[in-house]
Amino acid sequence: MRQAMPKQAAEERAQNFAEVALGYTLEQAIAEANRCLQCKRPLCVEGCPVHIDIPGFLKLLAEGNPIPALAKIKEQNSLPAICGRVCPQENQCEGRCVVGIKGDPIAIGNLERFVADYAREVGQEPVLTPAQSLDKKVAVIGSGPAGLAAAADLAQFGYQVTVFESLHAAGGVLRYGIPEFRLPKDIVQHEIDAISELGVEIVTNHLIGQTLTLDDLFEAGYSAIFIGTGAGLPNFLNIPGENLNGVYSANEFLTRVNLMKAYLPEYDTPIKVGQKVAVVGAGNVAMDAARTAKRLGAEEVRIVYRRSRQEMPARLEEIENAEEEGILFSLLTNPVEMIGDESNTVKVLRCQRMTLGEPDQSGRRNPVPVPNEYIDLSADTVIVAIGQGPNPVLLRGTEGLALTERGYIKVNEENLMTSIPGVFAAGDIVTGAATVIQAMGAGRKAASAIHAYLLEQEGN
Amino acid sequence: MRIVEKRILAKGICLFVIEAPLIAKKAEPGQFVIVRHKENGERIPLTIADYNRDQGTITLVCHGIGKSTQEINQLNQGDSFLDVLGPLGLAMPIEKVGKVLCVAGGLGVAPMYPITRILKAAGNHIISIIGARSQEMLIMTEEMEAVSNQIHYCTDDGSFGHHGFVTDVLSQVLQEQEIDLVVAIGPLPMMAAVAKITKEFAVPTQVSLNALMVDGTGMCGGCRVTIGEKTKFACVDGPVFDAHQVNFAELLSRQNFYRDQEQAALHQCRIGVGR
């Protein structure tokens with residue numbers, strides 16, 4: 001039997017920002033690791049975007065050695081405590097686990113998290129040292145998952161790495177986007193510190209494209225540049241009333257709470273949450289926003305989504321967590337207008353009923369409006385969580401950087417190099433919004449490509 | 001980022017010259033920075049009121065209205081801002097157009113100064129109209145005089161210059177002479193009133209909008225403004241926009257959304273129970 005993850009009780013956790021999942025005990029972790037069949041051709045490893053030696057770390061853990069188990073993970077993944085918490089394992093490693101065919105797959109994510117937490121708590125972390133010291137500088141733009149993963153690998157190859165971050169704290173979406181109750185910020189900081197200890201310099205308050213350009217970086221002696229700026233521009237619905245007061249992008253709402261800590265009384269950044277909150281969208285970000293609104297004291301929080309439950313992009317675990325915490329779901333419901341009161345604050349989210357039609361390009365059945373069927377949902381706060389587009393700042397400030405039709409950075413798929421020699425890009429700024437681990441995988445691939453490129457330059 | 005000079009310009013309005021060599025190197029008129037003065041303070045956008053590329057300094061002017069801005073104004077020479085990010089936003093496009101009217105109210109004089117300086121340097125004839133509540137609240141008059149061919153002052157209480165609003169003088173000037181461009185920076189109601197008048201005279205008009213924002217890099221969308229029929233982000237698409245396209249009423253109500261919380265925070269810190 002798969003070990004259940006101990007959690008804070010739903011009614012209790014909906015009142016606080018402490019982490020929901022409490023983590024395994026050592027006994028639970030060893031028992032769970034022992035369920036692994038140690039497959040000769042492990043499919044779980046194929047399912048992992050960064051190809052962690054999963055049977056290898058599970059074997060060490062099963063033998064009662066969590067610290068060496070963490071060292072094994074760290075060969076491939078520099079952010080294990082984070083990935084153990086936020087990776088969609090059900091679609092990756094655990095989704096491919098052979099044990100999962102007839103029963104529950106091994107809880108690989110929970111175990112990854114366990115070994116990282118264990119080592120941190122007992123203060124015995126494996127120390128990684130660069131293979132060699134190379135006399136070359138590489139600049140990494142953005143300190144989110146793609147940038148951090150690239151920086152860690154580049155440092156291990158021996159480069160002098162500087163990470164440039166525009167906000168005042170590093171971590172990107174790990175810092176401003178994912179809430180404390182799902183990913184405690186102390187843990188984020190701890191894993192970033194471990195990357196700094198590899199010799200990576202992290203410089204905050206630098207918006208590349210404005211504070212410095214790519215040309216400035218080359219002039220300052222960087223031999224290669226990695227762009228991992230993410231997809232930062234929030235999408236809106238483009239419906240009437242969207243600029244009323246009380247209407248937030250999920251980015252703004254979550255940034256106020258996570259980065260600026262508006263949920264703590266000693267921080268000065270304001271936030272307003274009404275009694276009735278509607279969150280438009282049904283991805284992980286929408287669930288995060290809804291559950292955050294609930295914790296900030298909203299009486300009624302509702303996910304409003306134009307498709308049905310099957311098509312919701314959020315992880316099942318997050319949908320279930322939200323349901324347990326009392327989040328309501330208005331499905332097949334598509335916002336068409338926001339209506340305000342006399343102070344220009346939203347009070348009604350007018351929606352049209354939808355039905356499911358034929359599958360679209362994504363394979364999901366397309367929502368089709370039901371003629372003349374509208375419902376008015378009361379809402380004094382509306383949070384729009386329908387994804388993001390490419391942030392224009394770096395792109396417009398960089399001559400010669402080729403973009404795709406959708407406005408993302410165009411790269412050579414083999415080596416992730418952009419149209420500018422020596423400039424590489426990966427993560428959401430190339431693919432559009434994806435997951436933390438996909439961005440990390442792409443960042444690592446770019447780091448290897450940069451290494452190969454610089455070796456080749458050396459040879460010439 | 002260290003404060004190398006602080007001056008009190010008027011009651012509640014302070015000028016800071018800070019060491020920020022990278023920002024000073026890139027700054028252009030119309031751009032802004034975001035500062036944080038302490039770990040639990042807000043991210044506050046401030047327009048760049050001047051920059052000195054040789055000395056590596058930028059000048060910021062802060063009006064202590066909310067808790068964070070009042071605390072910023074307590075900083076002294078030798079103190080440092082915890083964070084300064086910039087330059088942000090797009091620079092105002094500057095060319096020689098002929099006669100330019102620079103209309104600034106209150107704190108708006110600060111961001112207006114570098115714009116006026118560059119407009120003058122580009123060969124324009126500058127007529128400035130500067131307004132404030134009273135004579136003591138008029139700021140940066142010497143600087144503005146140095147870059148204006150002609151200057152008018154207005155005070156609400158009549159303590160200096162014209163007794164009345166900048167818009168009174170604006171209408172008069174527009175009736176008397178051909179103006180090629182108006183730039184207006186100040187409180188929203190002032191910019192809205194300027195836009196209304198210059199539209200009647202069909203004079204192209206630029207305004208600099210101080211929308212609420214968090215990150216200042218396009219990420220939060222809190223600073224969205226309606227320009228024409230389209231939503232724009234003041235931080236990355238602005239902050240300078242065509243005044244005749246701006247929906248001022250919407251912006252004004254967005255501006256006031258947190259007013260009650262700000263007042264509460266201020267009250268708390270005044271009576272000493274704030275943390």
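The following exchange between a trainee and a mentor goes through a predicted model, from its confidence to its strands, helices and chain contacts.

Residues are numbered from 1 along each chain as its sequence is written, while chains are lettered from A and ligands numbered from 1 in the order in which they are written. Since the model is predicted, local features need pLDDT of at least 70 and side-chain atom pairs count only at pLDDT 80 or more, whereas totals for chains, interfaces and linings use all residues.

Trainee: What is the mean pLDDT of chain B, and over which residues of chain B is the pLDDT below 50?
Mentor: pLDDT is the predictor's confidence in each residue, from 0 to 100. In chain B, 96% of the residues reach 70 or more, and the mean is 91. The pLDDT is below 50 over one stretch of chain B, which has 6 contacts in the model beyond near neighbours in sequence (a contact has C-beta atoms, placed from the backbone, within 7 Å); that stretch is residues 269–275.

Trainee: What ipTM does the predictor give the complex?
Mentor: The predictor gives two values for the complex. The pTM is 0.92, and the ipTM is 0.89.

Trainee: How does the radius of gyration of chain A stand against the globule rule, and what is its value?
Mentor: Chain A has 19 helices and 15 strands (DSSP runs, numbered from the N terminus, with helices being H or I of at least four residues and strands E of at least two). The radius of gyration is taken over C-alpha atoms, and the globule rule is 2.2 Å times the number of residues to the power 0.38. For 460 residues the rule gives 23 Å, and the value for chain A is close to this, so chain A is as compact as a globular protein of that length, with a radius of gyration of 23 Å.

Trainee: Why is strand β7 of chain A described as largely enclosed, and how many of its residues are buried?
Mentor: A residue is buried if 20 or more other C-beta atoms, placed from the backbone, lie within 10 Å of its own, exposed if 12 or fewer, and partly exposed in between. K276(A), A278(A) and V280(A) point one way from β7(A), V277(A) and V279(A) point the other way, and all are buried. The strand, residues 276–280, is therefore largely enclosed by the rest of the structure, the number of buried residues being 5 of the 5.

Trainee: Which residues of β8(A) and β13(A) are the bridge partners of V280(A)?
Mentor: Two strands pair if DSSP finds at least two bridges between them. β7(A) runs parallel to β8(A), residues 300–304, and 5 bridges join them, while β7(A) and β13(A), residues 381–384, also pair in the parallel sense, over 4 bridges. The partner of V280(A) in β8(A) is V304(A), and in β13(A) the partner is V384(A).

Trainee: Which elements cover the buried residues of helix α14 of chain A?
Mentor: In α14(A), residues 250–258, 9 of the 9 residues are buried, so the helix is largely enclosed by the rest of the structure. The cover includes α11 (173–176), β5 (233–234), β6 (247–249), α15 and β13 of chain A.

Trainee: Which strand of chain B gives the most to the side that touches chain A?
Mentor: The contact joins 36 residues of chain B to 32 residues of chain A. At least two residues each come from α1 (21–26), α2 (67–72), β6 (83–88), β13 (224–227), α8 (248–255) and α9 (259–271) of chain B. With 6 residues, the element that gives the most is β6(B).

Trainee: What lies in the turn between β13(B) and β14(B)?
Mentor: β13(B) and β14(B), residues 230–233, run antiparallel and are joined by 4 bridges, with F233(B) as the bridge partner of R224(B). The two strands form a hairpin with 2 residues between them, and the turn holds a residue with a positive phi of about 65°, G228(B).

Trainee: Is G400(A) buried or exposed?
Mentor: G400(A) is found in the loop between α17 (392–396) and β15 (423–425) of chain A. Leaving aside neighbours within four places in sequence, G400(A) is in contact with S419(A) and I420(A), and the C-alpha atoms of G400(A) and I420(A) are separated by 6.6 Å. With 10 C-beta neighbours inside 10 Å, G400(A) counts as exposed.

Definitions and conventions. Contact = placed C-beta atoms within 7 Å.
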